[in-house]
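Me: I've got a fold on my screen and a few labels I'd like to see justified. Can you walk me through them?
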Amino acid sequence: MKIINEMKLSFPSESKNEAFARSVITAFVLCLDPTVSELSDLKTAVSEAVTNSIVHGYRHTEGMIYISAKIRGDGRVTVKIRDKGCGIADVKKAMEPLFTTAPEEERAGLGFAVMQSFCDRVKVKSEPEKGTSVTLEKFFNHVDC
């Protein structure tokens with residue numbers, strides 16, 4: 001399907017930038033005239049992915065987070081959040097609800113479950129010491145872009 005619009009950005013892995021990522025994605029998909037629920041779902045999923053990169057990917061170190069997004073003519077939005085952090089040794093295990101690599105920080109281990117519940121598709125690729133990429137797909141009913 002034809003790409004109607006796309007964007008790329010990067011920012012430091014600081015918690016204050018999680019809100020920035022949510023705002024950028026919101027602005028990017030506004031041309032689709034999303035419902036409040038659709039917009040909230042995508043913002044929450046992006047927020048969880050960015051938070052995972054900050055808290056788990058870089059684990060008290062600094063790095064960059066990369067986001068790219070595309071809107072296709074069929075109303076499908078694809079958002080890819082990528083880091084070059086520590087990576088995930090066992091993606092299947094990490095995607096289990098309540099699994100966390102940061103129990104000392106009182107993390108609930110629900111990030112991937114939240115992403116899966118709010119998106120139509122979630123794909124995770126990771127390699128230890130090379131980083132992780134999370135691709136989120138969400139279909140919007142309104143296509144005005």
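Reply: Sure. Helices here are DSSP runs of H or I with at least four residues, and strands are E runs of at least two, numbered from the N terminus. On that basis, the elements of this predicted model run β-α-α-β-β-α-α-β-β from the N terminus on.

Me: What does the secondary structure of the chain come to?

Reply: The chain has 4 helices and 5 strands.

Me: Why are Asn 17 and Phe 28 in α1 called buried?

Reply: Buried means under 20% relative accessible area. Asn 17 and Phe 28 are listed as buried in α1 (residues 16-29), along with Glu 18, Ala 21, Ile 25, Thr 26 and Val 29, so each of them falls under that cut-off. Across the 145 residues of the chain, 46% count as buried.

Me: And what do the buried residues of α1 pack against?

Reply: They pack against β1 (3-12), α2 (36-57), β2 (64-72) and β3 (76-83).

Me: Which residues touch the most other members of the largest nonpolar core?

Reply: Val 50, Ile 67, Val 79 and Leu 136, out of 34 residues in that core. The largest share, 7 residues, comes from α2.

Me: What makes Ile 25 a contact of Val 79?

Reply: Contact means heavy atoms within 4.5 Å. Ile 25 is among the contacts of Val 79 once neighbours within four places in sequence are left aside, so the two have heavy atoms within 4.5 Å. Val 79 also touches Leu 42, Val 46, Ile 67 and Leu 136, among others.

Technical notes:
Residues numbered from 1 in each chain as written. Predicted model: local features only at pLDDT ≥ 70, side-chain atom pairs only at ≥ 80, totals over all residues. Heavy atoms only, no water. Buried < 20%, exposed > 50% of the residue type's maximum accessible area, 1.4 Å probe, protein only. Core = buried A, V, L, I, M, F, W, Y, C linked by side-chain atoms within 4.5 Å.
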